[in-house]
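Thanks for coming. I will talk about one pair of helices and then step back to the whole chain.

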Amino acid sequence: MGTNAVNSGEQMDRQSRILEAAMDLLSRHGIAGVSMRAVAREAGVALGLVNYYYDDKTTLIRAALRRVDEHDLLLVAPDPSLPPDEQLRKALRRVAGSDLLTTRYLSLRLHLWALAQADEDYAQINAAAFDRYIDGVAGLVSSARPALAWEACRDRAADIVVIQNGMWLTALLGVDKAAIQRSIERTEQIAFAPVHDESVGNAELHPH
């Protein structure tokens, strides 16, 4: 392996460590607990290195939002080795993975959502990420139920995400595993509802 490749790998590792430190601070203390100096201390690197990779705290928070976006897209990534129905079921169950239902991760999401409500720039990043996730779920629904129109797939995806977000938020309060399982089953009911029956989920979650 060449020296350039090693240096590149070390740089990526340091940058990732800095971003993880920022996300840890954000999950524990909110935006007030994130400063360039605090991030450097948490990551165990020099302050100058944090400033080298990120211009300021705003840049760090943007990067954190994008990292969560990337993670969310992995949750709905298709698995070509499985038939469409199983791909969809697998994705719906991923959201209850043990790596997600942790105080650290759920608190991070809560703080990022709150930031998106308070700052227009963060809101735009969050909205774009939300649309990509909805499209990812809708794409899996469309593959499993090809007779559904795309808008119907997106409606189902939106209803599913309402339940998933509620599950993540309430998991912070220690919701039992049976309740989480019922939430997953509910998302499966919405996803796999008969094509002619769009009342499942929509009528309950999108009242007129």
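Helices H6 and H7 are oblique to each other. This is a predicted model. The axes of H6, residues 103-118, and H7, residues 120-144, cross at roughly 120°. The oblique class takes in angles that are not under 35, not over 145 and not from 65 to 115 degrees, so the pair falls there. The two axes come within 6 Å, and the crossing is left-handed.

Which residues make the contact? From H6 there are Trp113, Leu115, Ala116 and Ala118, and they meet Glu120, Tyr122, Ala123 and Asn126 of H7. By class, that contact has 6 nonpolar residues, 1 polar and 1 charged.

Now H7 by itself. With 25 residues at 1.5 Å a residue, H7 should span 36 Å, and the end C-alpha atoms are indeed 36 Å apart, so expectation and model agree.

Which residues of H7 are buried? Going along the helix, they are Tyr122, Ile125, Ala129, Tyr133, Ile134, Gly136, Val137, Ala138, Leu140, Val141 and Ala144. Tyr122 is thus on two lists, as a buried residue of H7 and as part of the contact with H6. The cover over the buried residues of H7 includes H6, along with H4 (57-75), H5 (84-94), H8 (150-171) and H9 (177-191).

Last, the whole chain. The protein chain has 10 helices and 0 strands. Of its 208 residues, 40% are buried. Among contacts with a separation of 6 or more, 66% join residues 24 or more positions apart.

That is the end of my part.

Technical notes. Residues numbered from 1 in each chain as written. Predicted model: local features only at pLDDT ≥ 70, side-chain atom pairs only at ≥ 80, totals over all residues. Heavy atoms only, no water. Axes fitted to C-alpha atoms, helices over the stretch in contact; angles between N-to-C directions. Helix = DSSP H or I, 4+ residues; strand = E, 2+ residues; numbered from the N terminus. Left-handed = near helix turned anticlockwise from the far one by under 90°. Contact = heavy atoms within 4.5 Å. Nonpolar A, V, L, I, M, F, W, Y, C, P; charged D, E, K, R; others polar. Expected span 1.5 Å × (residues − 1). Buried < 20%, exposed > 50% of the residue type's maximum accessible area, 1.4 Å probe, protein only.
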